[in-house]
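Okay, thanks everyone, I'll keep this brief. I want to talk about internal cavities today, so let me put the structure up.

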Amino acid sequence: MKSVADFLDRCVEVSAPLPPLGVSLAGAAGCVLAETVHAAVNVPAHDVADGDGYAVLASDIEQASADHPIRLAVIDSVNAASVSAGSIVPGGCVQVASGAPLPSGADAVVPVAFTDHGTATVQVKRAVMAGSYVRHTGEDARAGEELLPAGVRLSARHLALLAAEGHASAMVHPSPRVVIVAVGDELQEPGRPARAGKVFDATSHALASAVRDAGGNVFRVGVVSDEKRVLRETLEDQLVRADIIITTGGLSYSGGDSVKEVLASFGSVRFDAVALWPGRQLGVGVLNEEAAVFCLPGNPVAALTAFEIFIRPALRHMAGYSQIHRRPITARLTAAWPGHKGLEDYVPVRAEGNPRDGYRATPLVPTATTLMSAFAHANGLAVLPPELGTVSEGEQVQCIILDL
């Protein structure tokens, strides 16, 4: 029987990081930066106003107050599109919009709220120090300095910095394309009338959401027949758009299941009994040297548990993440749980608490059952090592938090 750690190693091994790709900023959102980016220009390119107001000599208004405002002559008005702001002289100021260049000689900006909003002359009611309300040349970024290191997952704030520097694209590890295939003649799509001998396909819908949450681009094929020819043709057709293929169903030990037989004919896929609950029978490998393939049980709780342990880390490794695992917490169980000696148990729990007072985890199933209703209300999985067996109330265990 394969250990969880050994099977995880194999899953990561077949999921090598995707080659870097240059994409537009819109396409880079959510991807991992593949190379360090340096600033090409100073941002801002020159001293600019950090808000609407009046560019001044700070020494002219050092005595200003609400009771004794200082009057200055407004000699010009400039906005953010102005190429030049001219210059000021003692006793004068220039009305400036946010982002406008500072006129020569000015060393501060008085916010409009500190004045009477004058246009020909203005009364300044509060003093400011030299440098106040000014964004200085290169304050955000200086030409040649490092903007972002390789390995950063690009979010809105990173894209803003790249765009401000004039970058229209970025070299990234692209998000993996993940195809999900639900296998089984007993399956039918939700939304149709319930029929005898049929069950609704919950697993592929759940996995599609889990893939998106992990940062992948998902293509859900839907329900595919157990008929071997149909299944093989479906998998062959999907290879053109897949970095990862996930099958669900068709892994029982009884006869009539076709996944193992079909995959054996055109891929290096290995099926193992893994020392895991829930689950046990899982497959991992490569199809036609083109796509990693993971074969999961049809049971939605077992499939989502296996996804969390094995596929999510593999997917993030393929996407270029340096941190591929969720960070666990240590929590005390609020109730005993009858574990499986020799198997690594992943128990749906409700984890609560904080770092100061500690965490507690309440099992949401009383026995070793796979209830989707319990899993839906869980926010974590308590990890019970195979050597423990039954775990007592109050014992400390590691918990994977799912809602982070």
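I'll go through the cavities one at a time, with their volumes and their linings. Just so we're clear, what you see is a predicted model.

So, how many cavities of 30 Å³ or more turn up when you search the whole structure? The answer is two.

Let's take the largest cavity, at about 40 Å³. Who lines it? Going along the chain, you've got Trp-277 and Pro-278, then Val-301, then Tyr-346 and Pro-348, and after those Val-365, Thr-369, Thr-370, Leu-371, Ala-374 and Phe-375. In terms of elements, strand S23, residues 344–354, and helix H8, residues 372–377, each put at least two residues into that lining. And the chemistry? Nine of the lining residues are nonpolar, two are polar, and none are charged.

Okay, on to the second largest cavity, which comes in at about 30 Å³. The lining here is Phe-7 and Cys-11, then Leu-282 and Gly-283, then the run Phe-294, Cys-295 and Leu-296, and finally Phe-310 and Ile-311. The elements giving two or more residues are helix H1 (4–13), strand S20 (281–287), strand S21 (291–296) and helix H7 (300–318).

Which of those gives the most to this lining? That's S21, with three residues. By class, you get eight nonpolar residues and one polar, and again no charged ones.

So, to recap: the lining of the largest cavity has no charged residues, and neither does the lining of the second largest. That's me done, happy to rotate the view if anyone wants another look.

Notes: Residues are numbered from 1 along each chain as its sequence is written. This is a predicted model: local features need pLDDT of at least 70, side-chain atom pairs count only at pLDDT 80 or more; totals for chains, interfaces and linings use all residues. Side-chain values use heavy atoms; hydrogens and water are left out. On a 1 Å grid over the protein atoms alone, a cavity is a set of points where a 1.4 Å probe fits but cannot get out, and a pocket is an open set with protein on both sides within 12 Å along at least five of seven lines; lining residues have an atom within 4 Å of a point. Grid points are joined across faces, edges and corners, and a volume is the space filled by probe spheres set on the points. Helices (H or I, at least four residues) and strands (E, at least two) are DSSP runs, numbered from the N terminus. Ala, Val, Leu, Ile, Met, Phe, Trp, Tyr, Cys and Pro count as nonpolar, Asp, Glu, Lys and Arg as charged, and the others, Gly among them, as polar.
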